[in-house]
Amino acid sequence: MTEFTAALLRALAWAVARLPWPLLRMMADGIARLWIALDAREARVTRRNLELIRSDLDAAGREVLMAEILRTTLRQTFETVRLWTRPASRNLGDIVEVHGEALFDAALRSGEGLIVAAPHMGNWELLNQWLASKTPLAILYRPPESAVGEAFLRRVRANAGGQVEQVRAEAAGVRILLKRLQKGGVVGILPDQQPKAGEGEFASFFGRPALTMTLLGRLANRSRARVLLCWCQRLPGTGAPTFALHVEAAPEAVAAADPQAAVAALNAGVEAVARADFVQYQWTYKRYSMQPPDCSDSVNPYIDLYRRKS
């Protein structure tokens, strides 16, 4: 039943993706307005994140920025549905600019192993397809709580082309990644996903402490692999979406033996990426829900949002 339901969801995604892009954009913008009108979870979380890190704006300014972020988030959702249900070769045609490809190619040729740190910025699903077109790789992911959701993601991500191994974020998966890196392979990690308590260190992110994974730094330190920040940025325009793909060297200290220094460098790198196009970063995510010193609910800045609505 799980696989059957996942197949039905993929068929639905295929049908939605065949709608004209102007209509999909209108649908995205309409849902964003509905989220705001209903004070939906995504609107509440985004508003709270802006309250936490954008003290330079007054309340009205934050509301305007929140609306733009939600429109961007929904447009990205419909973009992703299209990417999941079209051949990867066609999707890659939507990338009209590539910045830093020589840096990526040099890292591949070095044979030293490569960690691609891909923040939740722009369209990371299209980035995955570009990476798969360049090299075999393993991607670390946290499986959805729903078995149907995981089966659906397996189906649609199989469309990436190339050789992509999806590795679950668990102890066995970490060993797989380390072995691949030690053999000169490539792995992809989302570096700004909040880890569980005890699996990270706190470091500043937009001026506020955020629990940050130590895994990337440990892998980089043990394997001596190179670390690159990569993201796929949507370009402005009223037509069908086009993208610029960016590759940059991560700060050297992400591979520091001191985990505190490593996570501080990692967050600095991700923050610089997010500042490049603030509204394309994933601000609907509760990035600061765990806070020092004890990660308890008493210091969770979203706790009142939980109490109001699920």
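This section describes the sheet, a helix pair, selected buried residues and the cysteines of a predicted model.

The sheet is open and is built from seven strands, arranged in the order S1-S9-S8-S2-S5-S3-S4 with mixed pairing. Its edges are formed by strand S1 (95-99) and strand S4 (164-168); each of these has a single partner strand, so one side of each lacks a neighbour in the sheet. From one strand to the next, the twist averages 25°. Strands of a sheet pair through hydrogen bonds of the backbone, in either a parallel or an antiparallel sense, and both senses are found among the pairs described below.

Strand S2 (residues 114-117) runs parallel to strand S5 (residues 186-189), and four bridges join the two. Within this pair, Ala-117 has Ile-189 of S5 as its bridge partner. S2 also pairs with S8, again in the parallel sense and over four bridges. Here the bridge partner of Leu-114 is Arg-226 in S8. The pairing of S8 with S9, in contrast, is antiparallel and extends over seven bridges, with Leu-229 standing opposite Glu-248 in S9. Strand S8 is largely enclosed by the rest of the structure, because eight of its nine residues are buried.

The loop between strand S8 (226-234) and strand S9 (243-249) contains Pro-241. This proline has a relative accessible area of 10% and therefore counts as buried, the limit being under 20%. Although 220 residues separate Pro-241 from Trp-21 in sequence, their C-alpha atoms are 8.4 Å apart in space. Trp-21 is also one of the residues in contact with Pro-241 when neighbours within four places in sequence are left aside; the others are Glu-79, Arg-82 and Asp-94.

Arg-82 also takes part in the contact between two helices, in which Arg-10, Ala-13, Val-16 and Ala-17 of H1 meet Phe-78, Val-81, Arg-82 and Trp-84 of H4. The residues of this contact comprise six nonpolar, no polar and two charged. The axes of helix H1 (residues 2-17) and helix H4 (residues 59-84) come within 8 Å and cross at roughly 110°. Because angles of 65 to 115 degrees count as roughly perpendicular, H1 and H4 are assigned to that class.

Leu-177, a residue of helix H9 (residues 171-182), has 0% relative accessibility and is thus buried. With residues up to four places away in sequence not counted, Leu-177 touches Ala-138, Leu-140, Val-167, Val-187 and Leu-219. Val-167 falls within the span of edge strand S4 (164-168), and Val-187 within that of S5 (residues 186-189). Asp-29 lies 148 residues from Leu-177 along the chain, and the C-alpha atoms of the two are separated by 39 Å.

A search for disulfides across the whole structure returned zero. Cys-230 is in no disulfide, and the nearest cysteine sulfur, belonging to Cys-232, is 10.0 Å away. For Cys-232, in turn, the closest cysteine sulfur is that of Cys-230; at 10.0 Å, this separation is too far for a bond, since a disulfide requires sulfur atoms within 2.5 Å. Cys-230 has 0% relative accessibility and hence counts as buried, and Cys-232 is likewise buried, at 0% relative accessibility.

How values were computed
Residues numbered from 1 in each chain as written. Predicted model: local features only at pLDDT ≥ 70, side-chain atom pairs only at ≥ 80, totals over all residues. Heavy atoms only, no water. Buried < 20%, exposed > 50% of the residue type's maximum accessible area, 1.4 Å probe, protein only. Pairing = 2+ DSSP bridges. Axes fitted to C-alpha atoms, helices over the stretch in contact; angles between N-to-C directions. Contact = heavy atoms within 4.5 Å. Parallel < 35°, antiparallel > 145°, perpendicular 65-115°, else oblique. Nonpolar A, V, L, I, M, F, W, Y, C, P; charged D, E, K, R; others polar.
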